[in-house]
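Visitor: I should like to examine this model term by term. Please justify each description as we proceed.

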Amino acid sequence: MVQRAHTLQSLKKPNFPKLSKNHLLAMAAPTQSLVFTVRRSKPELIAPAQPTPHEFKQLSDIDDQEFLRFQAPLIQFYRHDPSMQGRDPVKVIREALAQTLVFYYPFAGRLREGPGRKLVVECTSEGVVFIEADVDVTLEQFGDALRPPFPCLEELLFDLPGSGGVLHCPLLLIQVTRLKCGGFIFALRLNHTMSDAAGLVQFMTAVGEVARGARAPSVLPVWQRHLLNARDPTCLTCTHREYDEVIDTKGTGTITPLEDMACRSFFFGRAEVSAIRRFVPHHLSQSTTFEVIIACLWRCRTIALQFDRNKEVRMMAPVSARGKFNPPLPSGYYGNVLAFPAAVTTAGKLCENTNLGYALELVRKAKKEVNEEYMRSVEDLMVIRGRPVRAAVDSFIVSDVTRAGIGKVDFGWGKPAYGGPAECVVRSIPRTGSFYIPCKNSKGEEGIAVGVCLPAPAMEIFVKELDFFLKNMPESGKKSTFNASKL
């Protein structure tokens, strides 16, 4: 039996932070005309199905970074499955969630701050927010190209007032919306300090296993966040340009009001990737598709923002370090294990030629820096510098979720038609942060979508620059819109 001892009133404590209007959802609204309103039941708190320990658990020094203190949304679209006729996805997932929280009981707790603003989970068993909903829309009405931005996202992932803060708030919010066709949408919001994408997928996979009849997850969760705490004594052994202190003096895409920004999602299939690879030098031909696309977009974005030529610019691609430790982290560890190495150069050097070799070499070099020692150095940096903020000014940050496994979670209805970020840009840093998302276009072709958010005039330049790479041969004699005199 699902425990529902906690009511909605427990979410309305006066000390909860008040949420501001989410301009990002409005800006990212797609052009298609699909508009709908869901019918929501009263939100409830799902607690663990059995008693769990009341204790305090510290987050690691990798978890407890300033820029991870936000709520990250994701979404999954599931098709109707005739073999599941008579089974209600809301009931199945609600009950599986309560059973899984017995193993992952810290998710049912609340974050507190200790001395030095150190984050600690108080395992209170209060539960996670669960919302049951229905909508008179079919999956087909969302179109063939399922990728963010999605229409009416605020309806599919309700922003329950008082639930979106970091401290004293639910660590998970889940909404399951039944579709008219028999499919459903699973949307979730996670306090990012608790887990990275891999850790969250481990939890969601466990819910799926229990929903399909398992008595326990196949991979049992491991807390042990002390494994990624700073050393004693601390010792910086690596350079961490991702934590440089940078001030935006000109508002170049970082402090521009969100309502003046343009957000678009760009699709890269086989043809687009092949076109961009024509600008890759032969000695870098083994570069991954991610590296090639991101190097291209970094250059196009930098030109579009028309920085001074001597302005330092950064490209950051979060790297999972789960396989970098010796001895390895325990199987079942579900905390954050991410590094954000930065490729750093000047706008002039990055943009002065159409050959992508220079940008590619910087991106590849930064990614290769991440090893166990690099992570230990980051942990120590957090303590030495008092949890410095990641450099966002004049930066382009792209998170690759292609290997996270979000699109493989099965609650009994098979794999989702789409599973991934609910938005095409990173909610906490929409002006500089983007996702690299596996998806299909309207023709059913598999590819990658990357969100870009720029001031509206800069977006026009960005599109022209990207078109140059997609439509021209390196030796064609045609030139991009890049004008060195503007740098």
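**Pockets and a helix**

Guide: The lining of the second largest pocket comprises ten nonpolar, eleven polar and seven charged residues. The model is predicted, so local features need pLDDT of at least 70 and side-chain atom pairs pLDDT 80 or more, while totals for chains, interfaces and linings use all residues. Residues are numbered from 1 along each chain as its sequence is written, and side-chain values use heavy atoms, without hydrogens and water.

Visitor: What makes a residue of that lining nonpolar, polar or charged?

Guide: Ala, Val, Leu, Ile, Met, Phe, Trp, Tyr, Cys and Pro count as nonpolar, Asp, Glu, Lys and Arg as charged, and the others, Gly among them, as polar. Therefore Pro416, Ala417, Tyr418 and Cys439, among the residues closest to the centre of the second largest pocket, are nonpolar, and Lys440 is charged.

Visitor: Why is helix α2 called mostly covered?

Guide: Buried means under 20% relative accessible area, exposed over 50%, partly exposed in between (1.4 Å probe, protein chains only). Nine of the twelve residues of α2 are buried, so the helix is mostly covered. Val90, Ile93 and Leu97 are among them.

Visitor: How do you know that the span of α2 is close to the expected one?

Guide: The expected span is 1.5 Å times one less than the number of residues. Helix α2 (residues 89-100) has twelve residues and reaches 16 Å from its first C-alpha to its last, where 16 Å is expected; therefore the two agree closely.

Notes:
On a 1 Å grid over the protein atoms alone, a cavity is a set of points where a 1.4 Å probe fits but cannot get out, and a pocket is an open set with protein on both sides within 12 Å along at least five of seven lines; lining residues have an atom within 4 Å of a point. Helices (H or I, at least four residues) and strands (E, at least two) are DSSP runs, numbered from the N terminus.
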